[in-house]
Amino acid sequence: MAPLDTNPTSAQQVTFVRKTAGHPTRTRWTVAQVRELLELPLPELLFRAQTVHREHHDPTKVQLSTLLSIKTGGCPEDCSYCPQSRRFDTGVADEPMLQLDAVLEAAKAAKAAGASRFCMGAAWRGPKQKDLDPVLDMVKAVKSLGLETCATLGLLRDGQAEQLADAGLDYYNHNLDTSPEHYGDIIKTREYQDRLDTLERVRDAGLHVCCGGIVGMGEDVIDRAGLIAQLANLDPYPESVPINALVQVEGTPLHGADKVDVIDFVRVIAAARITMPTTFVRLSAGRTQMSDEGQAMCFVAGANSIFYGDKLLTTGNPEADRDRALMARLGLEPL
Ligand code: SAM
Ligand code: DTB
Ligand code: SF4
């Protein structure tokens, strides 16, 4: 197959003016074009990803985000991958929301360990006002430590994103998870459009958007292409794009799904990098199952952010000292 033309004004791609300052032009990606990227010979794909990466980022720097589950378990939604849904018997208990002090302690520890961003996650369909009020206090307190703040609380209603922005929230994470076509096989309790509506509220409130998906949920290559095209065609595209490898948890419907080949995972990272040049592409969940070499290839493919800390929300993540050793081995430094 002939290599694709990297010029964004190529006849294959439609270029039009981006609304946002700092992004003078944008490229609209078709699913077919992203699929072509995903199916390039690996050296060609990595070369293209590296070329784009180096135009926009220091290839030796990796941004470190630490996660904390501020409200674990008991979620009414039916996301087939998630250990926190109350519909599945996974052994994750429905816990009350953490107190402000506990969150602050965790944020201080994350900062001391070298994280620059602290992300608070809640197992909700979306927050009620009585849920949101204590989160606003957490955001203010974490922000006052000099950390970037991120929250992932589910679907937002009108006005909620503005309250979070006023409290000092920097990023809101809300994932599209997969392609629109595959989505109905994974989640039935909310629509793809509900997610897009929340992303629009987040964007309109002036928050940075963190939005990505999961690889390894039985999807085809066309679904991976569909997810990346959806993300890349958001206007503007997200500032942060977490690419998760499914963490298979016993009791969830997706436990036992075919495991994703690490090379295919690397391809998704590279496609995210090429289609969203300025974004931070986060090598997210699933790193405990990856070798150092697999992760190294993700960094070469343009990943420049990780979740850092011994736990994700309910499942494991590589120990912080192991990650420091990996970064030293690869000559990478925290941003
Ligand atoms: N409840 C909120 C929501 O769903 O928007 C926020 C928390 S939810 C756990 C955040 C994201 O974590 C999900 O959208 C999904 O992409 C990711 N996630 C959850 N379980 C996962 C798993 N087992 N493996 C990989 N990613 C997972
Ligand atoms: C994202 O894309 N991945 C993170 C974060 N955003 C909230 C969550 C991963 C969760 C993995 C399963 C767990 O630990 O419960
Ligand atoms: Fe609930 Fe979020 Fe898990 Fe879905 S992903 S079950 S909304 S915690």
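**Ligand sites and cavities in a predicted model**

**Figure 1. The shell around ligand 1.** By class, nine nonpolar, five polar and two charged residues form the shell around ligand 1. The structure shown is a predicted model. In total, 16 residues surround ligand 1. The closest of these residues are Tyr81, Ala122, Asn175, Asp177 and Val247.

**Figure 2. Polar contacts of ligand 1.** The side chain of Asn175 places an N or O atom 2.9 Å from an oxygen atom of ligand 1. A second side chain, that of Arg190, has an N or O atom 3.3 Å from an oxygen atom of ligand 1. Trp124 contributes through its backbone: one of its backbone N or O atoms lies 3.1 Å from a nitrogen atom of ligand 1. Ligand 1 taken alone exposes 550 Å², and 91% of that area is buried by the protein.

**Figure 3. The shell around ligand 2.** Ligand 2 is surrounded by Leu67, Pro83, Thr152, Asn173, Asn175, Pro242, Asn244, Phe307, Leu312, Leu313, Thr314 and Thr315. This shell consists of six nonpolar and six polar residues, with no charged residue. Asn175 belongs to the shell of ligand 2 and is also listed among the closest residues to ligand 1.

**Figure 4. Polar contacts of ligand 2.** Three side chains are shown with their distances to oxygen atoms of the ligand. A polar side-chain atom of Thr314 is 2.7 Å from an oxygen atom of ligand 2. For Thr315, an N or O atom of the side chain lies 2.8 Å from an oxygen atom of ligand 2. For Asn244, the distance between a side-chain N or O atom and an oxygen atom of ligand 2 is 2.8 Å. The protein buries 88% of the 410 Å² that ligand 2 exposes when taken alone.

**Figure 5. The shell around ligand 3.** The residues around ligand 3 are Cys75, Glu77, Cys79, Tyr81, Cys82, Ser85, Ala123, Trp124 and Arg190. By class, six of them are nonpolar, one is polar and two are charged. Trp124 and Arg190 appear in this shell; the backbone of Trp124 also has a polar contact with ligand 1, as does the side chain of Arg190.

**Figure 6. The largest cavity.** The largest cavity has a volume of about 800 Å³. Ligand 1 sits in this cavity, the space taken by ligand 2 is likewise the largest cavity, and ligand 3 sits there as well. The lining comprises 40 residues, and Tyr81, Cys82, Gln84, Asn175 and Leu313 lie nearest the centre of the cavity. By class, the lining has 23 nonpolar, 12 polar and five charged residues. Strand 4 (117-122), strand 5 (148-152) and strand 9 (240-245) each supply at least two residues of this lining. Of the residues nearest the centre, Leu313 also belongs to the shell around ligand 2, and Cys82 to the shell around ligand 3.

**Figure 7. The second largest cavity.** The structure holds two cavities of 30 Å³ or more. The second largest encloses about 30 Å³ of space. Its lining is formed by His53, Pro59, Lys61, Val62, Phe299, Ala303 and Leu332. These residues divide by class into five nonpolar, one polar and one charged.

Conventions: Residues numbered from 1 in each chain as written. Chains lettered and ligands numbered in written order. Predicted model: local features only at pLDDT ≥ 70, side-chain atom pairs only at ≥ 80, totals over all residues. Heavy atoms only, no water. Near = heavy atom within 4 Å. Polar contact = N/O pair within 3.5 Å; in protein donor to acceptor, adjacent residues only side chain to side chain. Areas by Shrake-Rupley, 256 points an atom, 1.4 Å probe, with all protein chains shown as cover. 1 Å grid on protein atoms, 1.4 Å probe; cavity = no way out; pocket = protein on both sides within 12 Å on 5 of 7 lines; lining within 4 Å. Sits in = over half its atoms within 2 Å of the grid points. Nonpolar A, V, L, I, M, F, W, Y, C, P; charged D, E, K, R; others polar. Points joined across faces, edges and corners; volume = space filled by probe spheres on them. Helix = DSSP H or I, 4+ residues; strand = E, 2+ residues; numbered from the N terminus.
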